[in-house]
Amino acid sequence: MHIVRFLSFLIGVVLLAACNANPSSATVSVLADENRFSPARVEVLAGKPATLYFYNIGDQEHQLAIQKLPMITQAKADPLAAHVMAGMGSPVMTGNPPELHVVAPVGKQAKLTFIPAKAGEYIFQCILPGHTEKGVLVVR
Ligand SMILES: [Cu+2]
């Protein structure tokens, strides 16, 4: 099952790379499983549209969240159902909801679009209890 998911992910990456000829935007992909995000470092451009594809190749739901990320355009998730809405009383969240947040159920992908405002390095992590996957979003 993992092999099938991984192969379909690879096909997706190749297709995305082929489509990403426009240097004024950035498309990045992150895979999640129970142990890690791969890659653990992705780069997008300040002031330019960014698209994040988030693939869950693990056996549990995974999420990717950045607590604080200055954005010109707030993050929009597709499908919208994959996005945990702020203030919906998720038991996972305490305090302020993360500014960027996407959820991928097992075997699914979710897409997030946003325009980052400011160069910097922003830690992203899975915020489910007991999960430790982590990475860095570099905004150049
Ligand atoms: Cu996780």
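**Exercise 1. Set out the secondary structure of the protein chain.**

The protein chain holds one helix and ten strands. Helices (H or I, at least four residues) and strands (E, at least two) are DSSP runs, numbered from the N terminus. Read from the N terminus, the order is α-β-β-β-β-β-β-β-β-β-β. This is a predicted model: local features need pLDDT of at least 70, side-chain atom pairs count only at pLDDT 80 or more, and totals for chains, interfaces and linings use all residues. Residues are numbered from 1 along each chain as its sequence is written.

**Exercise 2. Decide where the coordinates call for caution.**

Start with the average. The protein chain has a mean pLDDT of 83, and 72% of the residues score at least 70. pLDDT is the predictor's confidence in each residue, from 0 to 100. Next, find the weak stretch. Over residues 81-91, pLDDT stays under 50. The model has 14 contacts beyond four places in sequence for these residues. Two residues are in contact if their C-beta atoms, placed from the backbone, lie within 7 Å. Where pLDDT is low, predicted coordinates should not be read in detail.

**Exercise 3. Trace the five-stranded sheet and find its edges.**

Write down the order: β2-β1-β4-β8-β6. The sheet is open and its pairing is mixed. Two strands pair if DSSP finds at least two bridges between them. Now take the edges. β2 (37-38) and β6 (71-78) each have a single partner strand, so one side of each lacks a neighbour in the sheet. Then look at one pair. β1 (residues 26-32) and β2 run antiparallel and are joined by two bridges. Leucine 31 has serine 38 in β2 as its bridge partner.

**Exercise 4. Compare the settings of proline 116 and threonine 132. Which is buried, and which is exposed?**

Place each residue. Proline 116 lies in strand β8 (residues 109-116). Threonine 132 sits in the loop between β9 (120-125) and β10 (134-139).

Apply the cut-offs. A residue is buried if 20 or more other C-beta atoms lie within 10 Å of its own, exposed if 12 or fewer, and partly exposed in between, with C-beta atoms placed from the backbone. Proline 116 has 27 such atoms within 10 Å, so proline 116 is buried. Threonine 132 has 10, so threonine 132 is exposed.

List partners. Beyond four places in sequence, the contacts of proline 116 include Val44, Leu69, Met71 and Val139. The C-alpha atoms of proline 116 and valine 139 are 7.1 Å apart. For threonine 132 and glutamate 34, 98 residues apart along the chain, the C-alpha separation is 8.2 Å.
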